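Please look at the ligand site first, then the pockets, then two points of backbone geometry. My notes follow in that order.

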Amino acid sequence: MKIIFLGPPGVGKGTQASRLADALGIAHISTGDMLRAEVASGSELGNKVRTLMDEGQLVPDETIVEIIENRTLQSDCINGCILDGFPRTVPQAAALKEMLAAREDGISATYLFNLSEDQLLKRLEGRRGVQNRKDDSEDVQVERLKVYQEKTAPLIDYYREEGLLVEIDGNGTINVVYSRLLAAIEKMLPPEEVNAGEN
Ligand code: ADP
């Protein structure tokens, strides 16, 4: 099972992805977390992507595609994974499709988290400084929203046309959004496979 989480920065994808991955016993792959770990470790890759990330720009498609190619082969992905933050451009989505096809695999569903611009800005404001992320300053947050609209939002139509798009209302508390997500997931999976009670 390969699930994609799509939505603007601040919508709460990461929180929902980690909870759902636990419930389903699949891996949570956050490209943002992986890249931040590279930056923190001072690796060659980390040094290459640091400035782009700090400025709210995307890292090159080839770089992130290679990371995903390797990461999805690790043993914790055997039952599947949630891709959180990837793909972020149409070429990344095309590369993902090709990579999975070569493995005789495919995307199960793409969940798009929707939130009004007002709510989004409020949440991003609340996050400022809290997670100690350099890219959480106000001007970089605004830049990331712009990059999302330009480069990532086209994926909404891309996955809709593929017949894979499921929209989730991102308003409300973490628990409220999570119940909506579970209801949507259960349409794809029999309920006994969703270990909802333990979370
Ligand atoms: P957000 O809070 O906007 O959801 P993430 O934590 O997912 O951000 O990602 C942080 C940064 O990491 C992005 O602004 C970008 O520089 C880089 N990044 C993460 N995923 C990708 C990707 N799929 N393609 C290009 N760059 C990415």
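1. The shell around the ligand is mixed: seven nonpolar, five polar and seven charged residues. Here Ala, Val, Leu, Ile, Met, Phe, Trp, Tyr, Cys and Pro count as nonpolar, Asp, Glu, Lys and Arg as charged, and the others, Gly among them, as polar. The shell holds 19 residues, and the closest are Thr-31, Gln-57, Gly-85, Arg-127 and Arg-144. A residue is near the ligand if one of its heavy atoms lies within 4 Å of it. Helix H2 (residues 31-41) gives the largest share of this shell, four residues. Helices (H or I, at least four residues) and strands (E, at least two) are DSSP runs, numbered from the N terminus.

2. A note on the basis. This is a predicted model, in which local features need pLDDT of at least 70 and side-chain atom pairs count only at pLDDT 80 or more, while totals for chains, interfaces and linings use all residues. Residues are numbered from 1 along each chain as its sequence is written, and side-chain values use heavy atoms, with hydrogens and water left out.

3. Which residues make polar contacts to oxygen atoms of the ligand? A polar side-chain atom of Arg-144 is 2.6 Å from a ligand oxygen. Gln-57 uses a backbone N or O atom, also 2.6 Å from an oxygen atom of the ligand. On the nitrogen side, a side-chain N or O atom of Gln-92 lies 2.9 Å from a nitrogen atom of the ligand. A polar contact is a pair of N or O atoms within 3.5 Å; within protein, one must be able to donate a hydrogen and the other to accept it, and residues adjacent in sequence count only if both atoms are side-chain atoms.

4. The ligand sits in the largest pocket, meaning that more than half of its atoms lie within 2 Å of the pocket's grid points. A pocket, on a 1 Å grid over the protein atoms alone, is an open set of points with protein on both sides within 12 Å along at least five of seven lines; lining residues have an atom within 4 Å of a point. About 1,000 Å³ of space lies in this pocket. The volume is the space filled by probe spheres set on the points, which are joined across faces, edges and corners.

5. The lining of the largest pocket has 47 residues; Pro-9, Lys-13, Arg-88, Arg-127 and Arg-133 lie nearest its centre. By class, 18 are nonpolar, 19 polar and ten charged. H2 gives the most, with five residues.

6. The second largest pocket encloses about 170 Å³. Its lining has two nonpolar, one polar and six charged residues. Among them are Arg-36, Arg-50, Asp-54 and Lys-134. Helix H3 (44-54) provides the largest share, three residues.

7. Two backbone features deserve a check. Most residues other than glycine have a negative phi, and most peptide bonds are trans. The Phe-86 to Pro-87 bond is cis, with omega near -5°. Pro-87 lies in the loop between strand E3 (81-84) and helix H5 (90-102). Glu-104, not a glycine, has a positive phi of about 55°. Glu-104 is placed in the loop between H5 and strand E4 (109-114).

Note on methods
1 Å grid on protein atoms, 1.4 Å probe; cavity = no way out; pocket = protein on both sides within 12 Å on 5 of 7 lines; lining within 4 Å.
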